[in-house]
Structure formats: structure tokens, C-alpha cells
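The exercises below are to be worked with the sequence and the model in view. Each task is followed by a solution in steps.

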Amino acid sequence: MQILQQAISIAELKELAQNTFGDMIKCVADAKRGQLAIDANLHADLERLLLEDGSASQGIH
């Protein structure tokens, strides 16, 4: 799991996908902060990661 601070390439996304679902990667966005948490088996884990980093639950989608 990680919170992206900057854009990553399609190749990096494909590599992350291969480590989990093969052709899909899960992500959760904090629209207010402009952040994206990626690379977990559950969306709930990504939401928790953003909340622990200071996101407000109202801004998470």
C-alpha cells in the first residue's frame, strides 16, 4: 500500500497489478487533498491508510 505523491507510469501500475489481481489495481482517492492510495487487497485498507495520514472521511471516495 502506498499514497501517491506524484504521477506514476502505466508500466509501474501494470507491475503493481501483477502483484495482486493481475489486471486490476484498487485505489481510493482523497479528492480534497488530491491524493490517491493504491495497491491493497481491500479498499478499506486504503481508506484506513488515508485516514491515518490525515484525510477526513468526507473527502474519501
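The exercises treat the overall chain, the sheet and one loop residue in turn.

The model is predicted, with local features requiring pLDDT of at least 70 and side-chain atom pairs counting only at pLDDT 80 or more, while totals for chains, interfaces and linings use all residues. Residues are numbered from 1 along each chain as its sequence is written, and side-chain values use heavy atoms, with hydrogens and water left out.

**Exercise 1. Determine how many helices and strands the protein chain has, and in which order the elements run.**

Step 1. Helices (H or I, at least four residues) and strands (E, at least two) are taken as DSSP runs, numbered from the N terminus. The protein chain contains two helices and three strands.

Step 2. Read from the N terminus, the order of elements is β-α-β-β-α.

**Exercise 2. Compare the radius of gyration of the protein chain with that of a compact globule.**

Step 1. The radius is taken over C-alpha atoms, and the globule rule is 2.2 Å times the number of residues to the power 0.38.

Step 2. For 61 residues the rule gives a value near 10 Å; the protein chain has 11 Å, so the two agree.

Step 3. The C-alpha trace spans about 30 × 20 × 15 Å along its principal axes.

**Exercise 3. Establish the strand order of the sheet and describe what packs on it.**

Step 1. Two strands pair if DSSP finds at least two bridges between them. The three strands form an open sheet in the order S1-S3-S2, with antiparallel pairing.

Step 2. Strand S1 (2-4) and strand S2 (27-30) are the edge strands, each pairing on one side only. From one strand to the next, the twist averages 25°.

Step 3. Three bridges join S1 and S3 in the antiparallel sense, and leucine 4 stands opposite leucine 36 in S3.

Step 4. H2 packs on the sheet and touches S1, S2 and S3 (contact: heavy atoms within 4.5 Å). The direction of H2 makes about 30° with that of S2; axes are lines fitted to C-alpha atoms, for helices over the stretch in contact, and angles run from 0 to 180 degrees between N-to-C directions.

**Exercise 4. Locate aspartate 39, decide whether this residue is buried or exposed, and examine its phi.**

Step 1. Aspartate 39 lies in the loop between strand S3 (35-38) and helix H2 (43-52).

Step 2. Buried means under 20% relative accessible area, exposed over 50%, and partly exposed in between (1.4 Å probe, protein chains only). Aspartate 39 counts as buried because its relative accessibility is 18%.

Step 3. Most residues other than glycine have a negative phi. The phi of aspartate 39, a residue other than glycine, is positive, near 75°.
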